[in-house]
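Colleague: Please take me closely through one part of this model, namely the salt bridges and the pieces of chain around them. I would like the terms spelled out as you go.

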Amino acid sequence: MRFEDVSLGDQLPPLEIPITVALIAGGAIATRDYFPGHHDKDAAQELGSPHVFMNILTTSGLVERFVEQWCGPEGRFQDLKIRLGAPNYPGDSMKFQGEVTALDADSRSVEVTLKGKNSMGNHVTGTVAVTLP
């Protein structure tokens with residue numbers, strides 16, 4: 001994707017991510033987040049959660065995957081601002097959607113506003129700024 005190929009209002013292709021125990025636990029371990037609620041169902045239930053739940057670093061990685069699948073590997077992430085909402089639990093899925101909401105021709109940067117929604121509501125909302133070739 002090149003900057004000239006992008007217009008305000010462009011929709012990113014949707015992406016659906018199945019939420020599994022392996023994704024949640026693997027993401028937590030890969031990011032060195034050993035909090036028991038991310039990999040131990042009993043510990044998560046003691047905290048009042050029905051199951052293990054996704055950490056923010058895994059969510060950040062999935063946000064980056066969503067945007068990079070659209071812009072391609074030459075896009076350079078400049079800024080990532082996200083907010084978590086409803087937790088991601090195994091057995092659900094998260095559906096990403098996004099839209100180009102700002103363009104800066106001088107810096108060749110694109111702002112994408114996005115959300116990742118599961119059956120309980122928005123798991124993640126935010127903006128990502130990417131510089132394109």
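Modeller: The answer below begins with how the values were obtained and then moves from the salt bridges to the strands and the core.

This is a predicted model, in which local features need pLDDT of at least 70 and side-chain atom pairs count only at pLDDT 80 or more, while totals for chains, interfaces and linings use all residues. Residues are numbered from 1 along each chain as its sequence is written, and side-chain values use heavy atoms, with hydrogens and water left out.

The structure contains 4 salt bridges, a salt bridge being a side-chain nitrogen of Lys or Arg within 4 Å of a carboxyl oxygen of Asp or Glu. One of them pairs glutamate 4 with arginine 2, with 3.8 Å between the closest N and O atoms. Glutamate 4 also meets arginine 108 in a salt bridge, at 2.8 Å from N to O. Because glutamate 4 lies in the segment before β1 and arginine 108 in the loop between β3 and β4, this pair ties together parts that are 104 residues apart in sequence. Helices (H or I, at least four residues) and strands (E, at least two) are DSSP runs, numbered from the N terminus.

For exposure, buried means under 20% relative accessible area, exposed over 50%, and partly exposed in between, with a 1.4 Å probe and protein chains only. Glutamate 4 counts as exposed at 51%, whereas arginine 2 is partly exposed at 43% and arginine 108 is partly exposed at 23%. The loop that holds arginine 108 runs between β3 (93-104) and β4 (109-118), and the backbone there has a positive phi of about 60° at arginine 108, although this residue is not a glycine.

A further salt bridge joins glutamate 16 and lysine 95, at 3.9 Å from N to O. Glutamate 16 sits in strand β1 and lysine 95 in strand β3, so the pair ties together parts that are 79 residues apart in sequence. Glutamate 16 is partly exposed at 46%, and lysine 95 is partly exposed at 45%. Through shared partners, salt bridges join Arg2, Glu4 and Arg108 into one network.

The backbone links β1 and β3 as well: the two strands run antiparallel and are joined by 4 bridges, where strands pair if DSSP finds at least two bridges between them. Proline 18 has serine 93 of β3 as its bridge partner. In a regular strand the side chains alternate between the two faces of the sheet. Along β1 (residues 15-18), Leu15 and Ile17 point to one face and are buried, while Glu16 and Pro18 point to the other and are not.

The largest nonpolar core has 25 residues, and among the members that touch the most others are Phe66, Phe96 and Leu114; such a core is a set of buried Ala, Val, Leu, Ile, Met, Phe, Trp, Tyr and Cys residues joined through side-chain atoms within 4.5 Å. Both β1 and β3 are among the elements that give two or more residues to this core, although the largest share, 6 residues, comes from α3. Leucine 114 is in contact (heavy atoms within 4.5 Å) with residues including Val63, Phe66, Phe96 and Val128, leaving aside those up to four places away in sequence.
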